[in-house]
Amino acid sequence: MSPVSKNMTLAALALALGARSTSAGSPLPKKYRQLTDEASLSFALPTRAAFRAQFTDNTDFKFDLDGSKATTGNGGGSAQTLSAAQLPSLTGEKVAMVKLVLEPCGINLPHVHPRATEILYVVDAAAEGVLTAFVEENGGRTIENTIVTGEAAFFPQGLTHVQVNMGCTPATMIAALGSDDFGVQTITTTALKGLAGAEGLGEGLAAALGISQDQLAVLIGGFPDGPAIGAAECRQRCGLP
């Protein structure tokens, strides 16, 4: 490559990166405004140290996970997340965590993390443990395990996985994820519901599931938010309504 071509290529790359980044002085994206009073941040600085230097308060590097807002679904448990969305200084560090509490029989609905592998550690659970599973790509198998207090399981990036508290007391877990922006797509309430609501796709989706469009509407309307309360058999065993 000639020097002129090389310089043009480097210039094009710089412009592309600049277009994708938040330049100095531009408004901080809304999702990053939770823990900082800064009006703007630059994500296009040459070093990680320069990026961190924008956070002038030492407390910008810690987070009250237990005191943070929880996703509670329909009563099956709660999830509290620490990612770049909650702690802007974590941006680019490729790590995040979630505190997951499943109530007795509660289920963390089947879901995918498109940008991260997850390791789930059981802090405290009943002797029955937490049933976990992930599904391999088409043609592969389902990997199922029960993990108890002190044990962990992992779920590869991009594969559908699920967790169920098999015990009659709450199960507390900590998930470590290999991205500060790991993403979550729940199969029922996001993927299927989204496809069913897309113009022209409902009929095909119903046919793929072997049901009518009316049945599909009932099915989609009945999906609970997660974490969900879990199976009736388990709840009966635990003396729950």
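L82 stands opposite M97 in strand β2. This pairing belongs to a predicted model. L82 closes strand β1, which covers residues 77–82. Strand β2 covers residues 96–102, and six bridges join it to β1. The two strands run antiparallel. Strand β1 is also mostly covered: five of its six residues are buried.

**The five-stranded sheet**

Another group of strands forms an open sheet. Five strands take part, in the order β6-β5-β8-β3-β10. Their pairing is antiparallel. In general, strands of a sheet pair through backbone hydrogen bonds, either parallel or antiparallel.

Which strands stand at the edges? They are β6 (142–147) and β10 (185–186). Each has a single partner strand, so one side of each is left without a neighbour in the sheet.

Look next at the pair β5 and β6. Strand β5 spans residues 130–135, and six bridges join it to β6. These two strands run antiparallel. Within the pair, V130 stands opposite I147 of β6.

**One residue in the sheet: L109**

Strand β3 runs over residues 107–112, and L109 lies in it. Is L109 buried or exposed? L109 has 10% relative accessibility, so it counts as buried.

What does L109 touch, leaving aside residues up to four places away in sequence? Its contacts are H161, V162, T186, T188, P224, D225, G226 and A228. Strand β8 covers residues 161–165, and H161 and V162 are among the contacts of L109. Strand β10 covers 185–186, and T186 is one of the residues that L109 touches.

T189 gives another view of the fold around L109. L109 and T189 are 80 residues apart along the chain. Their C-alpha atoms are separated by 9.1 Å.

**Aromatic rings**

The structure holds five aromatic pairs. In one of them, the rings of F51 and F55 have their centres 5.4 Å apart. Their planes stand at 70°, so this pair is edge-to-face. F55 also pairs with F61, again edge-to-face. Here the distance is 6.0 Å centre to centre, with 70° between the planes.

How much of each ring residue is covered? F51 and F55 are both buried. For F55 the relative accessible area is 6%. F61 has a relative accessible area of 40%, so it counts as partly exposed. Ring pairs link F43, F51, F55 and F61 into a cluster.

**Two disulfides**

The count of disulfides comes to two. A disulfide is a covalent bond between the sulfur atoms of two cysteines. The table sets out both links.

| Disulfide | S to S distance | Torsion about the S-S bond |
|---|---|---|
| C105 to C234 | 2.1 Å | about -80° |
| C168 to C238 | 2.0 Å | -80° |

Take C105 and C234 to begin with. The torsion about their S-S bond is about -80°, so the disulfide is left-handed. C105 lies in the loop between β2 and β3, while C234 lies in helix α6 (residues 232–237). They are 129 residues apart in sequence, so the pair ties together distant parts of the chain. C105 has 2% relative accessibility and counts as buried. C234 is buried too, with a relative accessible area of 10%.

Now take C168 and C238. This link is also left-handed, with -80° about the S-S bond. C168 lies in the loop between β8 (161–165) and β9 (171–177). C238 lies in the segment after α6. The pair therefore ties together parts that are 70 residues apart in sequence.

Why does C168 count as partly exposed? Its relative accessibility is 34%, and partly exposed residues fall between 20% and 50%. C238, at 17%, counts as buried because the cut-off for buried is under 20%.

How do the bonded cysteines pair when numbered in sequence order? The pattern is 1-3, 2-4.

**Confidence**

The mean pLDDT of the protein is 87. Of its residues, 84% reach 70 or more. Where is the pLDDT below 50? That stretch is residues 2–38. Beyond near neighbours in sequence, it has 41 contacts in the model. Where pLDDT is low, the predicted coordinates should not be read in detail.

Notes
Residues numbered from 1 in each chain as written. Predicted model: local features only at pLDDT ≥ 70, side-chain atom pairs only at ≥ 80, totals over all residues. Heavy atoms only, no water. Pairing = 2+ DSSP bridges. Helix = DSSP H or I, 4+ residues; strand = E, 2+ residues; numbered from the N terminus. Phe/Tyr/Trp six-rings, centres within 6.5 Å; stacked < 30°, edge-to-face > 60°. Buried < 20%, exposed > 50% of the residue type's maximum accessible area, 1.4 Å probe, protein only. Contact = heavy atoms within 4.5 Å. Disulfide = S-S within 2.5 Å. pLDDT = per-residue confidence, 0-100.
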